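Hello,

Here is the structure I promised to pass on to you. Have a look at it first, and my notes on what I found follow below.

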Amino acid sequence: EPELSAEFQLLLSWADEERKIGVRANADNPQDSAKALEFGAGGIGLCRTEHMFMDAARVPIVQKMILAETFDERNAALDELLPMQQGDFEGILEVMQGLPVTIRLLDPPLHEFLPDKEELLVEITKLQILDPKSKELKEKEALLKKVRQLDEFNPMLGHRGCRLGMIHPEIYEMQARAIFYAVANLADEGIEAKPEIMIPLVGHVNELKEMRELVNAAALSIKEETGKQFEYTVGTMIEIPRAALTADQIAEEADFFSFGTNDLTQTTFGYSRDDAEGKFLQTYIDQKVLPENPFAVLDREGVGKLVEIGVELGRKTKPGLKTGICGEHGGEKSSIEFCYKAGLDYVSCSPYRVPLARLAAAQATIRFGKNNHKEAVTAK
Ligand code: PEP
Ligand code: MG
């Protein structure tokens, strides 16, 4: 049963004729990808691979990967994860049938995958009383020690995003290989796949350079191994102010930019995206310190300015550089209007917001004129 009425679909098709900016969806599994297509998305703008690892059956393997003491231990976990990831990517790429799919390499706040410290402490205390000489107690104590070593005061500003790929390149390598195996396999079935591989939380061009080389090396190796040819691109999230401010350098290494306005809002204001809304933000809004919640509506003067700077500097290096937005703001009407004027090629939002985004994108063209979009857009 389609969720959109025929009348609404017709209205949306008129909106599509008018709009100058693409609408994609954020999706991490085949079901959401199918929903995105049903609602008229032109591709996947953000596939958050960390969500694939949250599955209860996989968490223990991911923990083994993170907590590994030796290369061999880590590689054993990665060997288990690779076929699972290949399946994840095949599923999504197959549903999307040649439409662009931006796959972001792992960007986990590590603490979300680690065993809970409090629970571990309770278990250790119990064992100390009931079975103080047990092997289990020794193992749990060693685990707690390791978890404490990885503990961070500010996990959201910590060992996340490409920082993980830089320190443990074998994790990103496993993901890149899984993507390329998926593409090669689909090619065998005559299914075209267009992966756009995205590196998260880049703050310095050297991070992107190194991660791009790693992805290219993986592609080359899979092409040799399978004898298949395939296309892909490598781009970056722009979600750290320094990345926006040095976007001319970053563009040298990027096929596309995607603005992560959730993190960009967090880092531009210096507000924790996990805490601000529950603490002071509402009072700020009530007292008119801020006009609205910047995590919901793009702050034009600060965050938006960084988006504009990023687009301009990026296109100075690479005219026509493809740019999009995949933060929450990509599904909010006035933020979409802003993205249109900033010259972005597409917005990406949750599948259920795609119809709204299609309408908002058309309204932006009607309101500001076709020529007020800074770049000629090639693809919806
Ligand atoms: C962002 O930061 O805006 C983004 C899209 O990435 P995530 O929300 O996964 O950090
Ligand atoms: Mg982010």
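Let me begin towards the end of the chain, with Asn-371, which is found in the segment after α16. Please keep in mind throughout that this is a predicted model. Asn-371 is exposed, with a relative accessible area of 75%. If you want a feel for distances, pick Asn-371 and Lys-64: their C-alpha atoms are 53 Å apart in space, and the two residues are 307 apart in sequence.

The segment after α16 (354-368) also holds His-373. Is His-373 buried or exposed? With a relative accessible area of 7%, His-373 is buried, because the cut-off for that word is under 20%. A polar atom of the His-373 side chain lies 2.8 Å from the backbone oxygen of Leu-344. Leu-344 is also among the contacts of His-373, together with Lys-20, Tyr-340 and Gly-343, once neighbours within four places in sequence are left aside.

Now to the ligands, which I expect you will want to see.

Ligand 1 is surrounded by 13 residues, and the closest are Arg-48, Arg-104, Gly-260, Asn-262 and Arg-273. Sorted by class, this shell has six charged, four polar and three nonpolar residues. Several polar atoms can be picked out one by one. In the side chain of Arg-48, an N or O atom is 2.7 Å from an oxygen atom of ligand 1. Asp-263 brings a polar side-chain atom to 2.9 Å from an oxygen atom of the ligand. For Gly-260 it is a backbone N or O atom, which lies 3.4 Å from an oxygen atom of ligand 1. How much of ligand 1 does the protein bury? Taken alone, ligand 1 exposes 280 Å², and the protein buries 96% of that. Two elements give two or more residues to the shell, namely β2 (44-48) and α12 (261-269). Of the elements, α12 gives the most, with three residues.

Arg-104, one of the closest residues to ligand 1, is found in strand β3 (residues 100-104). Arg-104 counts as buried, at 4% relative accessibility. Leaving aside neighbours within four places in sequence, the contacts of Arg-104 include Leu-46, Cys-47, Arg-48, Thr-49 and Glu-50, and also Met-198, Pro-200 and Met-237.

Ligand 2 is a magnesium ion, coordinated by Glu-239 (OE) and Asp-263 (OD) at 2.0 to 2.1 Å. Glu-239 lies in the loop between β5 (233-238) and α10 (241-245), while Asp-263 is in helix α12, so the pair ties together parts that are 24 residues apart in sequence. Both are buried: Glu-239 has a relative accessible area of 2%, and Asp-263 has one of 3%. You will have met Asp-263 already, as a residue with a polar side-chain atom 2.9 Å from an oxygen atom of ligand 1.

Away from the ligands, a few other places are worth a click.

Ala-25 has its place in strand β1 (residues 22-26). Ala-25 is buried, with a relative accessible area of 0%. Not counting residues up to four places away in sequence, Ala-25 touches Ala-36, Ala-41, Gly-43, Ile-44, Gly-45 and Leu-46, as well as Ser-348, Cys-349, Pro-351 and Val-354. Between Ala-25 and Lys-318, the C-alpha distance is 25 Å, and they are 293 residues apart in sequence.

In helix α3 (residues 59-67), the residues Ile-61, Val-62, Gln-63, Met-65, Ile-66 and Leu-67 are buried. What covers these buried residues? The cover includes α4, α6 (135-150) and α8 (169-188).

Finally, two backbone angles caught my eye. Most residues other than glycine have a negative phi. Gln-97 is not a glycine, yet its phi is positive, at about 45°. Gln-97 lies in the loop between α4 (71-96) and β3, and is exposed, with a relative accessible area of 53%. Lys-288 also has a positive phi, of about 60°, although it is not a glycine. Lys-288 lies in the loop between α13 (281-286) and α14 (300-317), and its relative accessible area of 70% makes it exposed.

Happy browsing, and best wishes.

How values were computed
Residues numbered from 1 in each chain as written. Chains lettered and ligands numbered in written order. Predicted model: local features only at pLDDT ≥ 70, side-chain atom pairs only at ≥ 80, totals over all residues. Heavy atoms only, no water. Near = heavy atom within 4 Å. Polar contact = N/O pair within 3.5 Å; in protein donor to acceptor, adjacent residues only side chain to side chain. Areas by Shrake-Rupley, 256 points an atom, 1.4 Å probe, with all protein chains shown as cover. Helix = DSSP H or I, 4+ residues; strand = E, 2+ residues; numbered from the N terminus. Nonpolar A, V, L, I, M, F, W, Y, C, P; charged D, E, K, R; others polar. Buried < 20%, exposed > 50% of the residue type's maximum accessible area, 1.4 Å probe, protein only. Contact = heavy atoms within 4.5 Å. Donors = N, O, S within 2.8 Å, 3.2 Å for Na, K, Ca; no water.
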